[in-house]
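Colleague: Got a minute? I'd like to go through this one with you.

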Amino acid sequence: MNRHSSFSALAMALLAMIAMAAPAPAQEQAVVSTRVIYPGETITMDALDEIVLRRPPRGNTAIARMLEDIDGKVARRTLLPGRLIPVSYVREPYLVENGSPVTVLFTEGALTISIRAVPLQAGAAGDMIRLRNADSGRTFTGMVMADGTVKVGTI
């Protein structure tokens, strides 16, 4: 063997060792539905499956990557079996429904005022919604809280 061929063999052996030592690219996963999920339907774990992506999705659309990302959420659009689920196709469940009376709280220091009001729109935790005071008929806005009440004033 001449000097050039032994150098080439050594270089090839080093490249092979580097390729074996390099970590494999992380496989991305995503969530798909296992059946048709209709708008307004609450998504449950039994209707979902995790898959490994062969290649990254096209475009800039954010997709659900883990089951926990969409378990318990509500479908905004029809979700088809085996298709990637864009995050924009799901929403948090509404804690306040349009027309169902809720407790509205105003808190300032030690003072807390509570009234009943009728929501004019549905809302999830953190949403600003319009309400109507059941006694006076006046409309106002408030923020839906995690416990299903609505807070007004300094939020």
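Modeller: Sure. One term before we start: two strands count as paired if DSSP finds at least two bridges between them. And keep in mind that this is a predicted model.

Colleague: Fine. So in strand 8, what's the bridge partner of Arg130?

Modeller: That would be Thr141. The strands there are strand 7, residues 128-133, and strand 8, residues 139-144, and they pair antiparallel over five bridges.

Colleague: How many residues sit between the strands in that hairpin?

Modeller: Five, and Gly137 has a positive phi near 85° in the hairpin of strand 7 and strand 8.

Colleague: And which way does strand 9 run against strand 8?

Modeller: Antiparallel, with two bridges joining strand 8 to strand 9, residues 150-152. Val144 has Val150 of strand 9 as its bridge partner. That's a hairpin too, with five residues between the strands, and Gly148 in the turn takes a positive phi of about 90°.

Colleague: Which strands make up the barrel, and in what order?

Modeller: Five strands close it, in the order 5-6-7-8-9, and the pairing is mixed. From one strand to the next, the twist averages 50°.

Colleague: Where does the parallel pairing come in?

Modeller: Between strand 5 and strand 9, which are joined by three bridges. Val104 is bridged to Val150 in strand 9 there. Recall that Val150 is also the partner of Val144.

Colleague: What about strand 5 and strand 6, parallel or antiparallel?

Modeller: Antiparallel, over seven bridges, with strand 5 covering residues 102-108 and strand 6 residues 111-119. Thr103 stands opposite Arg116 in strand 6. Their hairpin has two residues between the strands, and Gly109 takes a positive phi near 65° in it.

Colleague: Let me switch to Asn133. Where is it, and is it buried or exposed?

Modeller: Asn133 is in strand 7. Its relative accessible area is 16%, so it counts as buried, given that the cut-off is under 20%.

Colleague: Which backbone atom lies 3.3 Å from a polar atom of the Asn133 side chain?

Modeller: The backbone nitrogen of Ser136.

Colleague: And what is Asn133 in contact with, leaving aside neighbours within four places in sequence?

Modeller: Ile115, Arg116, Ala117, Arg138 and Phe140. Arg116 came up earlier as the residue opposite Thr103.

Colleague: Okay, new topic. Which residues make up the largest nonpolar core?

Modeller: There are 12 in all, including Val31, Ile37, Ile43, Leu48, Leu67, Ile70, Leu79 and Val90. Another core lies apart from that one and has nine residues, among them Ala117, Ile129, Leu131 and Val152.

Colleague: What does Ile43 touch, beyond four places in sequence?

Modeller: Its contacts include Ile37, Leu48, Ile70, Ala75, Leu79 and Val90. Asp71, Gly72, Lys73 and Val74 are among the contacts of Ile43 as well.

Colleague: Now the overall picture. How many helices and strands are there?

Modeller: Two helices and nine strands. Along the sequence the pattern reads α-β-β-α-β-β-β-β-β-β-β.

Colleague: What share of the chain is buried?

Modeller: 23% of the 155 residues. The accessible surface comes to about 10,600 Å², and 56% of that belongs to carbon and sulfur atoms.

Colleague: Last one. Of the contacts between residues at least 6 apart in sequence, what share joins residues at least 24 apart?

Modeller: 42% in this protein chain.

Methods: Residues are numbered from 1 along each chain as its sequence is written. This is a predicted model: local features need pLDDT of at least 70, side-chain atom pairs count only at pLDDT 80 or more; totals for chains, interfaces and linings use all residues. Side-chain values use heavy atoms; hydrogens and water are left out. A nonpolar core is a set of buried Ala, Val, Leu, Ile, Met, Phe, Trp, Tyr and Cys residues joined through side-chain atoms within 4.5 Å. Buried means under 20% relative accessible area, exposed over 50%, partly exposed in between (1.4 Å probe, protein chains only). Contact means heavy atoms within 4.5 Å. Helices (H or I, at least four residues) and strands (E, at least two) are DSSP runs, numbered from the N terminus. Accessible areas come from the Shrake-Rupley method with a 1.4 Å probe; for residues, only the protein chains shown count as cover. Axes are lines fitted to C-alpha atoms, for helices over the stretch in contact, and angles run from 0 to 180 degrees between N-to-C directions. A polar contact is a pair of N or O atoms within 3.5 Å; within protein, one must be able to donate a hydrogen and the other to accept it, and residues adjacent in sequence count only if both atoms are side-chain atoms.
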